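Biologist: I am new to this structure, and I would love a close look at the empty spaces inside it. Please take me through them slowly, together with the parts of the chain around them.

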Amino acid sequence: MKTFFKFYFLISIIIFSACKTETIKHENILWYTSPAKNWDNALPVGNGRLGAMVFGNPIHERIQLNEDSMWPGGPDWGNSKGTPKDLAEIRKLVNNGKVHIADSLIVERFSYKNVTRSHQTMGDLFIDFDDNEVTDYKRQLNLNKAIVSSTYKIDGYNTSQTIFSSAVDDVLVIKLTTENPKGLNCNLKLSRPDDNGHSTVTVSTPSNNLIKMEGMVTQYGGMKDSKPVQIDYGVKFETVLQVKNTSGSIVAKNNSLFLKNVTDATFFIVCNTSFYSNNYAAKNTETLKKITSKSYNTLLQNHISDYQNLYNRTILDLGHHQLDSIPTNKRLELLKQGNEDVDLTAKLFQYGRYLLISSSRPNTNPANLQGIWNEHIQAPWNADYHLNINLQMNYWLADVTNLSECNEPLFDFTDKLIERGKILAKEQYGFNGTVAHQTTDLWATPWMRASKPYWGAWIHGGGWLAQHYWEHYRFTQDTTFLKNRALPALKSYAQFYNDWLVLDVKDSTWVSTPETSPENSYVAQDGNPAAVSKGNAMAHQIIGEVFDNYLASAKILNINNDFTNNIKEKRSHLHSGIKIGPDGRLLEWDKVYEEPEKGHRHISHLYALHPGDDITSKNPKLFKAAKKTIQYRLEHGGAGPGWSRAWIINFYARLLDKNAVQKNIDLFMQRSIYGNLLDTHPPFQIDGNLGFTSGIAEILLQSHEGFLRILPALPDNWENGSINGLKARGNIIVNISWKDGKLDQLTLKSASTKTIKVKYDDLEVLISLTKDIPITFDSHLKKE
């Protein structure tokens with residue numbers, strides 16, 4: 001076993017004790033000894049809607065600002081493109097083996113091709129201080145309190161900057177303090193980048209303590225149908241900064257504020273947009289009036305209390321906290337040299353929870369490709385919502401790590417997508433129900449967008465999202481949600497698939513056509529790559545799952561009618577999406593093809609393993625085939641940095657392969673994170689962070705098979721530890737501690753009285769739980 005940096009053990013000695021019924025209080029802090037030199041090393045704060053990346057520079061500070069509805073355009077580019085006649089023509093081409101023509105037509109007839117319409121930065125706050133000597137510098141993000149701070153000495157006097165984004169008070173707060181009796185001198189300026197030479201904001205100083213920045217989001221470098229388009233309209237916004245100081249003076253000049261001899265000052269930043277309210281400026285005024293009547297300490301405690309109500313529910317402790325004496329970036333360097341740091345793994349787990357809390361709260365938009373943190377006018381991949389894994393991966397962790405409320409923006413958004421998708425399904429394909437393709441944006445566009453068929457000619461983005469409704473019910477057992485939200489969503493997608501499927505006369509099964517496998521291609525009979533085919537694996541895995549989950553929901557709600565009977569019939573004769581090829585791997589397409597990219601990052605045909613649940617330990621042959629499929633991809637260079645490696649961790653956890661889990665955790669941490677621990681795709685994408693957290697949860701607890709599996713893939717180097725507050729399906733809160741790599745103690749608390757099966761290693765027991773009464777078991781699953 002590798003060393004745990006033994007040369008640092010002399011710094012401090014921490015005695016680890018695996019927790020029984022209480023969790024050791026330990027703060028997870030990322031810290032550094034220098035300011036961030038670039039955006040990829042700045043530290044994020046957010047309240048779900050309003051966020052910032054903090055550089056922590058004591059001389060020339062930059063605080064890059066974000067708001068989640070900063071998008072150009074509107075819901076005005078139509079709902080569909082193409083006709084049912086086009087679909088019939090493409091299906092005929094596929095049936096006749098003319099797949100290259102089908103590749104071309106599916107894009108020409110149905111796709112908006114390349115689209116540039118991006119989530120954008122809100123702008124920047126620049127704070128320029130006097131150029132004094134700075135010593136004893138420290139910058140940190142406290143994950144337990146959601147606070148970014150920097151402390152240092154200026155000319156020998158203690159000075160600090162503290163920043164947090166409060167959800168409860170809807171404000172970004174910045175506090176500057178110094179012990180220097182002469183105070184600090186600084187200049188505050190709000191600005192926003194131009195959009196292809198066009199000014200995007202008007203900045204003013206209505207009073208000596210106020211800066212106002214007003215504008216409208218545009219995209220003069222926009223694109224639609226792969227053609228340039230100037231989007232000169234979009235979401236309107238107002239950002240206001242107000243200063244509250246107890247000493248010194250403030251003067252407004254040249255649309256900036258100049259602070260002189262200030263020993264204690266608090267800056268409040270509020271922003272509202274026309275997406276949320278027509279009276280967005282009035283909302284800013286109202287918010288500022290409320291918060292300026294409160295003390296800084298009140299705002300701080302409000303924020304901490306609100307945040308910890310979510311964050312403190314789940315705590316992972318893997319020990320080895322003595323490494324906290326080393327700056328986070330130095331720990332990363334040591335880890336990349338091959339040293340172990342399991343405590344940094346635990347921090348990265350909690351970092352994912354922090355990021356989701358900070359980018360997805362009730363009544364906000366869902367976390368996009370970058371959460372809410374984006375410094376661009378034209379972001380990579382538009383910082384939009386990719387539906388062929390990325391948006392879904394963002395939310396895998398929500399229920400299992402006890403953040404169920406953070407799902408609400410996803411469901412609110414998907415409900416909008418469903419309504420627009422109903423129009424597309426009818427106009428474009430001639431079918432009932434709803435459909436969404438590979439990518440969407442703030443305006444819940446359901447249409448296809450891709451210049452190449454393998455990039456986006458895929459109809460299952462919505463069907464995948466439907467899984468999240470069902471899983472949320474399984475975790476929460478909320479029958480009101482099931483009836484009012486989950487069942488309508490599942491029915492809408494089931495209706496579409498019911499109409500979409502075609503009877504294959506060869507084997508009398510219902511098959512999906514035309515089909516692609518996300519972002520991948522195969523070698524057609526003429527030796528050239530092609531994307532479009534029929535009967536692909538992932539398609540039928542998703543369709544089968546939608547049917548299963550709809551029928552299960554209907555059964556719970558006592559619904560039995562002609563439509564449920566029709567879906568039962570279709571499901572019983574659905575073309576299989578799980579087939580083993582002659583080489584022992586699972587097939588990605590309906591038949592064996594050569595692969596142009598053998599190490600492709602998407603392993604879409606393993607959807608049934610994770611996040612689906614049709615491949616489990618009950619079928620050892622499928623388990624073996626799934627593992628061989630992954631190994632083949634990895635042997636050919638698959639699973640690059642970011643979300644793909646995170647998915648591999650989730651796969652191997654489901655395969656109960658602790659050694660592969662450990663190896664891929666190490667690879668993720670060595671190759672997939674920046675100095676601020678944000679995921680690098682590259683560039684930054686948040687899905688890798690959030691998918692990593694999901695993977696760690698899968699290592700410790702699984703409940704997708706209808707029972708609880710405890711420590712299913714615990715790595716050997718996690719010798720001692722504890723996890724408190726995970727949530728299992730069935731709405732059961734689970735606390736686990738282990739010693740020397742073996743279960744020590746298990747505590748279960750159910751929201752309802754029930755009997756469940758629990759497995760640990762070779763042990764399997766039935767356990768009766770009484771509503772809201774925690775029960776603790778020993779290492780043999782016997783009640784203590």
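Modeller: Gladly! A cavity here is a set of points on a 1 Å grid over the protein atoms alone where a 1.4 Å probe fits but cannot get out. Points are joined across faces, edges and corners, and the volume is the space that probe spheres set on them fill. By that rule the structure holds 7 cavities of 30 Å³ or more.

Please keep in mind that this is a predicted model, where local features need pLDDT of at least 70 and side-chain atom pairs count only at pLDDT 80 or more, while totals for chains, interfaces and linings use all residues. Residues are numbered from 1 along each chain as its sequence is written, and side-chain values use heavy atoms, with hydrogens and water left out.

Let us start with the largest cavity, which has a volume of about 250 Å³. Its lining (residues with an atom within 4 Å of a point) counts 21 residues, and those nearest the centre are Trp 396, Glu 471, Phe 475, Glu 698 and Arg 729. By class, the lining has 7 nonpolar, 8 polar and 6 charged residues. In this scheme Ala, Val, Leu, Ile, Met, Phe, Trp, Tyr, Cys and Pro are nonpolar, Asp, Glu, Lys and Arg are charged, and the others, Gly among them, are polar.

Which helices and strands surround this space? At least two lining residues come from each of α8 (397–400), α11, α18 and β26 (701–702). These labels follow DSSP runs numbered from the N terminus: H or I of at least four residues for a helix, E of at least two for a strand. Helix α11 gives the largest share of the lining, 5 residues.

Helix α11 deserves a closer look, and Trp 464 is a good way in, since the helix is its place in the chain. Trp 464 has a relative accessible area of 0%, so it is buried (under 20%; exposed is over 50%, and partly exposed lies in between, with a 1.4 Å probe and protein chains only). Setting aside neighbours within four places in sequence, Trp 464 is in contact (heavy atoms within 4.5 Å) with ten residues or so along the chain, including Trp 396, Trp 458, Met 538 and Tyr 607. You may recognise Trp 396, one of the residues nearest the centre of the largest cavity.

Follow α11 (461–476) to its end and you reach a loop leading to α12, where Gln 477 sits. Gln 477 has a positive phi of about 60 degrees although it is not a glycine, and at a relative accessible area of 34% it is partly exposed. Helix α12 (residues 479–500), on the other side of that loop, gives 11 residues to the largest nonpolar core, the most of any. A nonpolar core is a set of buried Ala, Val, Leu, Ile, Met, Phe, Trp, Tyr and Cys residues joined through side-chain atoms within 4.5 Å, and this one has 211 residues.

The second largest cavity has a volume of about 110 Å³. Of its 16 lining residues, Glu 340, Asp 341, Thr 345, Asp 666 and Asn 717 are closest to the centre. Helices α6 (342–359) and α17 each supply at least two residues of this lining, and α17 gives the most, with 5. The lining divides into 6 nonpolar, 6 polar and 4 charged residues.

Now see how α17 leads on towards α18. The loop between α17 (658–671) and α18 (687–700) holds Pro 682, and Pro 683 has its place there too. The peptide bond from His 681 to Pro 682 is cis, with omega near -10 degrees. Another cis peptide bond joins Pro 682 and Pro 683, with omega about 0 degrees. Beyond this loop, α18 brings you back to the largest cavity, for it supplies at least two residues of that lining.

Finally, a step back to the whole chain. The secondary structure comes to 18 helices and 33 strands, and buried residues make up 62% of the 784 residues. Along its principal axes, the C-alpha trace spans about 85 × 65 × 50 Å. Among contacts between residues at least 6 apart in sequence, 69% join residues at least 24 apart.

Technical notes: 1 Å grid on protein atoms, 1.4 Å probe; cavity = no way out; pocket = protein on both sides within 12 Å on 5 of 7 lines; lining within 4 Å.
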